[in-house]
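This report describes selected local features of one protein model. Salt bridges, a pocket, a surface patch and a backbone angle are taken in turn.

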Amino acid sequence: MKDEKEFKIDQEYLKDLEEIKETIRINQNKAMIVTNQAMIISYYRIGQIINKRKKRGNKYIEQLSIDLKEKKGCSYDSLKRMSQFALTFSEYDIREQLVPQIPWGTIIEIMKKCNSHEEMLWYIKQTYINRWSRSMLINQISMK
């Protein structure tokens, strides 16, 4: 009876354990990518909505930030960035390019530090291909 309650760890168990850990890691990464893509597309759409209505000096974004204060990521500065994002990139960039594959904070850095649309797309592509972190990207841009 004692043998049934005790479990001996053997090579098969360790192999199964590693396979389970790898499956979890891979699928957590996939989930993060899908979540990031959905966020980027949402931010782009929010930016488009803002850009349809806002006029210089009309405090539209400020009022939105007040009315959306309970929503995470909808501060005045964030909504302004979403607006700029939608002005900077086209629907084609969002659907066909690598823009949704890059984290939002990295996209913001690229928008701040690059001088042209082509340069932004180049850094987005390089960030994706080379798997640059945000700090690595900033270093790359500063060396140009």
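A salt bridge is counted when a side-chain nitrogen of Lys or Arg lies within 4 Å of a carboxyl oxygen of Asp or Glu. The model is predicted, so local features need pLDDT of at least 70 and side-chain atom pairs count only at pLDDT 80 or more, while totals for chains, interfaces and linings use all residues. Residues are numbered from 1 along each chain as its sequence is written, and side-chain values use heavy atoms, with hydrogens and water left out.

**Salt bridges**

Side chains of opposite charge can pair when their charged atoms come close. The whole structure contains 5 salt bridges, and the table gives the N to O distance for pairs among them.

| Pair | N to O distance |
|---|---|
| Glu 18 and Lys 21 | 3.9 Å |
| Arg 25 and Glu 22 | 2.5 Å |
| Glu 109 and Lys 113 | 3.5 Å |

Helices here are DSSP runs (H or I, at least four residues), numbered from the N terminus. Glu 18 and Lys 21 both belong to helix 2, 3 residues apart, which is about one turn of the helix. Arg 25 and Glu 22 are likewise in helix 2 and 3 residues apart, again about one turn. Because Glu 109 and Lys 113 are 4 residues apart in helix 6 (residues 104–113), about one helical turn separates them. Glu 109 and Lys 113 are also linked with Lys 112 in a network of salt bridges.

Exposure is classed by relative accessible area (1.4 Å probe, protein chains only): buried is under 20%, exposed is over 50%, and partly exposed is in between. At 14%, Glu 109 is buried, whereas its partner Lys 113 is partly exposed at 34%. In helix 2, Glu 18 is partly exposed at 48%, and Lys 21 is partly exposed at 47%. Arg 25 is partly exposed at 40%, as is Glu 22 at 35%.

**The largest pocket and Arg 131**

On a 1 Å grid over the protein atoms alone, a pocket is an open set of points where a 1.4 Å probe fits, with protein on both sides within 12 Å along at least five of seven lines; lining residues have an atom within 4 Å of a point. The largest pocket has a volume (the space filled by probe spheres set on the points) of about 480 Å³. Its lining comprises 14 residues, and Ile 33, Gln 101, Pro 103, Tyr 128 and Arg 131 lie nearest the centre. Helix 2 (11–53) and helix 7 each supply at least two lining residues, and helix 2 gives the largest share, 4 residues. By class, the lining has 6 nonpolar, 6 polar and 2 charged residues.

Arg 131 sits in the loop between helix 7 (117–130) and helix 8 (134–142). Most residues other than glycine have a negative phi. Arg 131, although not a glycine, has a positive phi of about 55°. Arg 131 is exposed, with a relative accessible area of 76%.

**A nonpolar surface patch**

Patches are made of residues with over 30% relative accessible area and no salt bridge, nonpolar side chains (Val, Leu, Ile, Met, Phe, Trp, Tyr) being joined within 5 Å. Phe 7, Ile 9, Tyr 13 and Leu 14 make a nonpolar surface patch of about 420 Å². Within this group, Phe 7 is placed in the loop between helix 1 (2–5) and helix 2, and Phe 7 is exposed at 59% relative accessibility.

Terms used:
Nonpolar A, V, L, I, M, F, W, Y, C, P; charged D, E, K, R; others polar. Patch = residues over 30% accessible without salt bridge, like charges linked within 9 Å, V, L, I, M, F, W, Y side chains within 5 Å. Areas by Shrake-Rupley, 256 points an atom, 1.4 Å probe, with all protein chains shown as cover.
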